[in-house]
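Visitor: Could you walk me through this protein chain, one question at a time?

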Amino acid sequence: MTTETPPSGSRKSRWSAQTWFNVVLLVMTILLGVSAIVGATVLQNAASASNRLIDHISVGRIQAARLQATLLNQETGVRGFVITGKEEFLQPYVDGRRDEITVSAQIERLAPGAEPLRALDEVGRLAAEWRARYAEPMIARVRDEGPESVSAEQSEESKRSFDAVRKALDAQNAAWARARELARADLQVARTVRNATFFGILAAFLVTIVTVAVLLRIGVFGPLARLREASRRVTMGDFAHHVDTGGPADLAELADDMEAMRRRIVAELEEARGSRLRIAAQAEELKRSNAELEQFAYVASHDLQEPLRKIASFCQMLQQRYASQLDDRANTYIDFAVDGAKRMQVLINELLTFSRVGRISREPVEMDLNDVVDRALVNLSAAVEESGAEIEVGDLPTVVGDRTQFVMLWQNLIGNSLKFRDPGRAPRIGIESERLDGEVRMTVTDNGIGISPNFADKIFVIFQRLHQRDAYEGTGIGLALCRKIVEQHGGTIRLDTEYTGGARFVITLPAEVVSPEREGEGEAEAAEAETEAGREDAAEIAVGTVP
């Protein structure tokens with residue numbers, strides 16, 4: 001299955017997800033910067049308008065009112081002095097002159113424009129003219145000639161002159177009022193601009209966020225969702241679904257990689273399907289071949305044993321009838337022939353038994369290994385009695401497996417300990433078990449001649465012998481059979497090379513083989529397994545036990 005891939009040029013023209021992220025980040029940064037600058041500007045304008053109204057206009061109006069009060073105090077002091085001639089009545093005039101200078105300077109500094117300054121200059125000019133033409137001359141005449149020296153006409157002219165000052169003060173107050181209204185209008189405009197600006201910034205942020213979200217949805221999240229959906233469909237087994245999500249360049253490259261992986265999986269599945277068909281055909285052929293081999297092994301064992309029995313029988317008959325006519329060498333040759341024929345029969349039976357382990361399997365049953373060991377000891381009762389062996393069997397677990405094979409396992413291990421005993425002492429055999437990390441570890445320990453650690457692996461190889469045939473009988477199949485039985489049940493068997501008091505074999509079975517203890521059922525299951533074992537061929541039970 002092949003699919004077309006987009007041209008590399010169009011792929012290169014796309015932005016990657018990282019580029020999308022950088023562009024979004026840049027846009028947000030620019031928007032934030034512009035918003036900060038605009039917001040700071042409008043806030044500064046509003047603050048300036050507010051400060052001008054509060055710190056200049058309002059204070060200037062207060063100072064203008066003070067200026068008016070100082071001038072009125074001057075006029076009041078002059079009039080009281082002219083009437084009474086007392087100097088204390090002239091003190092408001094003196095204080096007013098001093099305060100007028102200070103207040104005028106403050107008003108000149110606070111004036112927001114030309115109009116209040118012109119009004120201030122007019123007030124100052126008229127006040128100076130009033131003092132020069134009327135106030136100062138009248139004060140001097142009263143001091144020189146007394147209050148009677150000032151006529152009513154002069155007082156009236158002074159009053160008319162000061163009324164012009166009052167009008168100028170009213171004009172100044174009006175100018176400050178107009179300045180205040182202008183400042184308040186500017187402040188209101190600044191506040192309106194500020195509010196509109198912040199609402200605009202907020203709207204710009206909202207529009208930008210929505211636009212970015214839409215663009216990301218179209219350009220990034222949408223392709224990601226399609227890629228996720230495509231990968232899930234492929235994961236669920238829809239291997240014909242084409243993976244092509246579009247979007248940013250890196251996501252498109254990832255989709256191409258997934259598409260290549262999908263095509264590879266499809267190719268592998270096609271190849272695996274063909275392999276399964278070939279394996280099924282081979283398995284069927286192997287099954288047929290195994291059946292033929294099994295039939296051949298059965299026929300061969302019987303066909304080979306028949307001539308061997310004839311050879312042994314006729315050799316023995318030859319020896320019995322013509323023993324007096326044969327010399328000792330001929331009788332020895334006949335003994336060799338008979339012994340070889342018998343060993344060949346044992347070897348054929350044991351090879352047949354070894355080949356059946358793992359190939360001919362029965363339904364697994366639950367069995368108590370204590371009962372299995374007892375059955376193996378019954379089969380070895382003659383050897384146990386002859387050697388005077390002492391055998392101690394601990395509490396063994398209940399397992400699930402082939403009962404006959406486990407009987408063969410224990411029979412071979414115990415038979416080995418009996419066969420390779422120390423000539424100087426009676427055999428002592430111990431069988432124990434313990435649970436370790438979900439496994440069961442069983443040991444078979446004896447006080448025999450032991451096995452060198454150098455041969456720890458060799459002893460489990462078929463036909464491997466560590467002694468001469470004349471020293472110990474057997475064919476070298478027993479321990480190889482034991483390993484095959486244990487491995488058939490998912491376990492391991494090894495020689496404990498650290499044990500020096502004889503030989504110790506360690507068997508480890510996995511947790512799934514070991515069954516939990518169930519009281520009250522062991523005897524019935526043991527009896528059933530015993531009945532099944534009784535149907536087995538005697539050759540499968542009495543297997544040789546020589547390593």
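Guide: Happily, starting with Val38, which sits in helix H2 (residues 17-84); helices here are DSSP runs of H or I with at least four residues, and strands are E runs of at least two, numbered from the N terminus. This is a predicted model, where local features need pLDDT of at least 70, side-chain atom pairs count only at pLDDT 80 or more, and totals for chains, interfaces and linings use all residues. Residues are numbered from 1 along each chain as its sequence is written, and side-chain values use heavy atoms, leaving out hydrogens and water.

Visitor: Is Val38 buried, partly exposed or exposed?

Guide: Buried means under 20% relative accessible area, exposed means over 50%, and partly exposed lies in between (1.4 Å probe, protein chains only). Because its relative accessibility is 35%, Val38 counts as partly exposed.

Visitor: What accessible area do Leu26, Ile30, Val34 and Val38 have together?

Guide: These four residues form a nonpolar patch on the surface. Patch members have over 30% relative accessible area and no salt bridge; nonpolar side chains (Val, Leu, Ile, Met, Phe, Trp, Tyr) are joined within 5 Å, like charges within 9 Å. Areas come from the Shrake-Rupley method with a 1.4 Å probe, and for residues only the protein chains shown count as cover. Together, the four have an accessible area of about 340 Å².

Visitor: Which residue forms a salt bridge with Arg125?

Guide: Side chains of opposite charge can pair when their charged atoms come close. A salt bridge here is a side-chain nitrogen of Lys or Arg within 4 Å of a carboxyl oxygen of Asp or Glu. Arg125 and its partner both lie in helix H4 (residues 114-145), three residues apart, about one turn of the helix. The closest N and O atoms are 2.6 Å apart, and the partner is Glu122.

Visitor: How far apart, N to O, are Arg264 and Glu268 in their salt bridge?

Guide: Both residues lie in helix H6 (residues 249-322), four residues apart, about one turn of the helix. Arg264 counts as exposed at 55% relative accessibility, whereas Glu268 is partly exposed at 35%. Their side chains meet with an N to O distance of 3.0 Å.

Visitor: How many salt bridges are there by this rule?

Guide: Some are linked in a network that joins Glu75, Arg79, Lys159, Asp163 and Arg166. Another pairs Glu181 with Arg184 at 4.0 Å, N to O. By this rule, the count of salt bridges comes to 20.
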